[in-house]
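Here are my notes on this one, as promised. Have the model open while you go through them.

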Amino acid sequence: ELRSLLGRYHVNGAPVEIVHAPDVVRMNEQPTEVFRRKDSSVRVAMRMIKDGTGDAVVSTGNTGAVMAAGLADLGRLPGVSRPAIACLVPSEHGGTLLLDVGANPVCKTHNLMEFAVMGSVYMESVINKTQPRVALLSIGEEPSKGTELTVSTHRALSALPLNFVGNIEGRDILSGRADVVVCDGFVGNIMLKFAESLQGFLTNAVRRQISRNYFSHFGAILMGPFLRRMKRTFDYAEYGGAPLLGLEGVCMICHGSSSPKAIKNAIWSAATGAAHHVNQNIVEALALYRPAMEGAGANGKD
């Protein structure tokens, strides 16, 4: 099937190797059942990373299946209790990395501390952000506000040699008050889905206003370059995919409806992460911070 598609789009000469996978994972299938019964492209790709024939995985498939295959075939990095899905969201100062956005709906303090370290290392290694500002997502800036988890995590993160800027609220993410925002996967997934809806909402709102009269049409023509820049700002394709941090291999998870631009950017991010040894940097950072993490009481095991 893939060879015929390469021929149809006249890219047979591209430096691409096709590795056969006999099974297909459907989006409505349970990841655990898929893992037991199917030898899909996701599992084939993970095994290629493990045996050294590949450097990174980029997948637009079932997120749960990617997570399950990654844990089974690659395993976790030393010092990581749970991998996290991170996502770059637009902000006034470029992009803000939000994690976890769905892998771990229920977390403990030591999970969030590991997320903070992994997110900080990713922003330094892949996005080239020096001393990234790390924040904890809560319902108020005060250290005493929030759930028991956020209060204990604020106290623990304050003890780490990270550039921790304290608590921020949801309204502060787009303003760019932090480069890395840490939360549990339940809150993070809700934030992500809301952020993804912004582009469509703003596009439709602008179209409704433009269609009202001729003056609006004329103004839209003059503002064309600005409107196109605004659209790019909220376009998920500009950010490619979401890195799955904490696995023994570089992995990017993409939308099933990803555009060619999104796939291109996801491949670029995955290649950059592999070339800049992001996983090795995460392991080294966690080992360096481990005494402080344990001193903060974050030495629990799941």
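1. For the tallies below, Ala, Val, Leu, Ile, Met, Phe, Trp, Tyr, Cys and Pro count as nonpolar, Asp, Glu, Lys and Arg as charged, and the others, Gly among them, as polar. On that split, the lining of the largest pocket has 25 nonpolar, twelve polar and five charged residues.

2. Keep in mind that this is a predicted model, where local features need pLDDT of at least 70, side-chain atom pairs count only at pLDDT 80 or more, and totals for chains, interfaces and linings use all residues. Residues are numbered from 1 along each chain as its sequence is written, and side-chain values use heavy atoms, with hydrogens and water left out.

3. The largest pocket comes out at about 2,000 Å³. Its lining counts 42 residues, with Leu2, Ile18, Val19, Ser41 and Val58 nearest the centre. Elements giving two or more residues are α1 (2-8), α3 (41-50), β1 (56-59) and α10 (260-275). Of these, α3 contributes the most, with six residues.

4. Now to β8 (residues 250-253): Val250 and Met252 point one way, Cys251 and Ile253 the other, and all are buried (under 20% relative accessible area, 1.4 Å probe, protein chains only). β8 pairs with β1 in the parallel sense over four bridges, and Cys251 is the bridge partner of Val57. Pairing here takes at least two DSSP bridges between the strands.

5. On its other partner: β7 (residues 242-245) runs antiparallel to β8, joined by two bridges, with Ala242 opposite Ile253. The β7-β8 hairpin has four residues between the strands, and Gly246 takes a positive phi near 110°.

Conventions
1 Å grid on protein atoms, 1.4 Å probe; cavity = no way out; pocket = protein on both sides within 12 Å on 5 of 7 lines; lining within 4 Å. Points joined across faces, edges and corners; volume = space filled by probe spheres on them. Buried < 20%, exposed > 50% of the residue type's maximum accessible area, 1.4 Å probe, protein only.
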